[in-house]
Amino acid sequence: MYKIGVAGSGAMGGRIGLSIKEAGYDVTLIDNWEEHVNYININGAEVQTESKKYSIKIPAVLTENVSDKFDLIIILTKAMTSEMMLQQLQDKNCISEDTAILSMMNGLGHEERLSKYVPLSQIYLAVTMWTAGLRGPGQWLLEGKGSIDLQRADGKKDKCTEFILNILNEAGLNARISNDVFKSIWSKATLNSVLNPLCTILDKTIYEFGTYIEAKNMIIPLVKEIVTVAKAKNIFLDSEELLDKIESAYPKEAQGLHYPSMHQDLNNGRLTEIDYLNGQITAYGKKLNIPTPLNTMITHLIHQLEMKI
Ligand code: NAD
């Protein structure tokens, strides 16, 4: 049977892995969090949705104990641990030359890091608008609806892309094949590079941030830096469209009442994905000789806050 491993089975890994398991596939949750793995193996994965609470029997395994070879590995660690995860899976012979690696992580540059371990032709990139939360080890809060856009990292079409698409859609995950996944990745990363760090630094909800009369003037130059770096990498973003998307998150009935995930990570004493958002923009800017003072400053500010952890 086609074997699927979800490498990094926290909030989002669980959302995707459990949906695919419910569609009848052979799915294993792989994670380094022992309490979480034990809880799932003893109690099942507990899911709370808007309307019901239930549990799903699904195998979970610590990365150090994994022994299967997988046909598809979905990477949903936080960005900073993806390379370590892939290295561990490679050391355990879980990856063959036919294994598809699907990254759904937020942030930029995953194809560059993951291709140190497997060829680009085995890597698939996805952007997801699904969200997920954990209420505790082995306990998920899965609300709302979402979608997934995916494409092979080298832009080529293949049967495997369609195969993955079918699995995701059988699982009700509302997936489609993209012709320009990098544009979607950079668009989402722009939103995340604006709202995540600014709400975190200011300790504000998205709504509170948006009520500042000069909010637009604050974010325009930041978006401009990102759009300029993207353009130099042949990714063409529309600043106005991005600003509209950011502002559409402000209302309370949109995402306004939430603190972005970066704020939640810091408050829970965890490191953030800043180096894969604003930090990655700065790194690309340096390589391309494009000044990115705002993204650089924001990266430093978040790293300063991380020092309190
Ligand atoms: P997560 O923090 O829930 O899980 C990431 C890893 O951290 C997992 O290995 C998990 O087991 C471990 N972990 C989580 N809580 C822990 C705890 N209390 N103690 C020890 N270990 C713990 O991260 P996520 O939200 O699933 O994000 C994974 C990727 O997906 C990221 O790149 C993120 O940006 C992206 N993403 C997340 C969402 C979302 O709504 N959660 C939406 C879209 C994209």
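The following dialogue discusses two helices, a cavity and a pocket in a predicted model.

Reader: Which residues of helix H3 are buried?

Author: Within H3, which spans residues 82-91, the buried residues are Ser82, Met85, Leu86 and Leu89.

Reader: Why do these residues lie on the same side of H3?

Author: In general, an α-helix has 3.6 residues a turn, so residues three or four places apart point the same way. In the present case, the buried residues of H3 cover an arc of only 95 degrees around the axis, which puts them on the same side of the helix.

Reader: What covers the buried residues of H3?

Author: The cover includes four strands and a helix, namely S1 (3-7), S2 (26-31), S6 (72-75), S7 (100-103) and helix H4 (110-114). After H3 comes Asn93, with a positive phi near 60 degrees.

Reader: Which residues of helix H12 are buried, and what do they pack against?

Author: In H12 (residues 278-288), the buried residues are Asn278, Gly279, Gln280, Ile281, Thr282, Tyr284 and Gly285. They pack against H4, H6, helix H8 (215-232) and helix H13 (293-306). Just after H12, Asn289 has a positive phi of about 65 degrees.

Reader: How many cavities of 30 Å³ or more does a search of the whole structure find?

Author: A cavity is a space where a 1.4 Å probe fits but cannot get out. The search finds 1 cavity of 30 Å³ or more, and the volume of the largest cavity is about 130 Å³. It is lined by 17 residues, and those closest to its centre are Met105, Asn106, Gly107, Ala126 and Ile185. Two or more lining residues come from each of H4, strand S8 (123-128) and helix H6 (181-202). By character, the lining comprises 8 nonpolar, 7 polar and 2 charged residues.

Reader: Where does the largest cavity lie with respect to domain 1 and domain 2?

Author: Both domain 1 (3-179) and domain 2 (182-307) give residues to the lining of the largest cavity, so this cavity lies between them.

Reader: Which residues lie nearest the centre of the second largest pocket, and which helix gives the most to its lining?

Author: The second largest pocket holds about 300 Å³ of space. Of its 18 lining residues, Arg15, Ser19, Thr49, Tyr54 and Trp130 lie nearest the centre. Helix H1 (11-22) and strand S4 (53-56) each supply at least two lining residues, and H1 gives the most, with 4 residues. The lining of this pocket divides into 8 nonpolar, 5 polar and 5 charged residues.

Conventions: Residues are numbered from 1 along each chain as its sequence is written. This is a predicted model: local features need pLDDT of at least 70, side-chain atom pairs count only at pLDDT 80 or more; totals for chains, interfaces and linings use all residues. Side-chain values use heavy atoms; hydrogens and water are left out. Buried means under 20% relative accessible area, exposed over 50%, partly exposed in between (1.4 Å probe, protein chains only). The arc is that of the directions from the helix axis to the C-beta atoms. Contact means heavy atoms within 4.5 Å. On a 1 Å grid over the protein atoms alone, a cavity is a set of points where a 1.4 Å probe fits but cannot get out, and a pocket is an open set with protein on both sides within 12 Å along at least five of seven lines; lining residues have an atom within 4 Å of a point. Grid points are joined across faces, edges and corners, and a volume is the space filled by probe spheres set on the points. Ala, Val, Leu, Ile, Met, Phe, Trp, Tyr, Cys and Pro count as nonpolar, Asp, Glu, Lys and Arg as charged, and the others, Gly among them, as polar. Domain bounds come from an automatic or database domain assignment.
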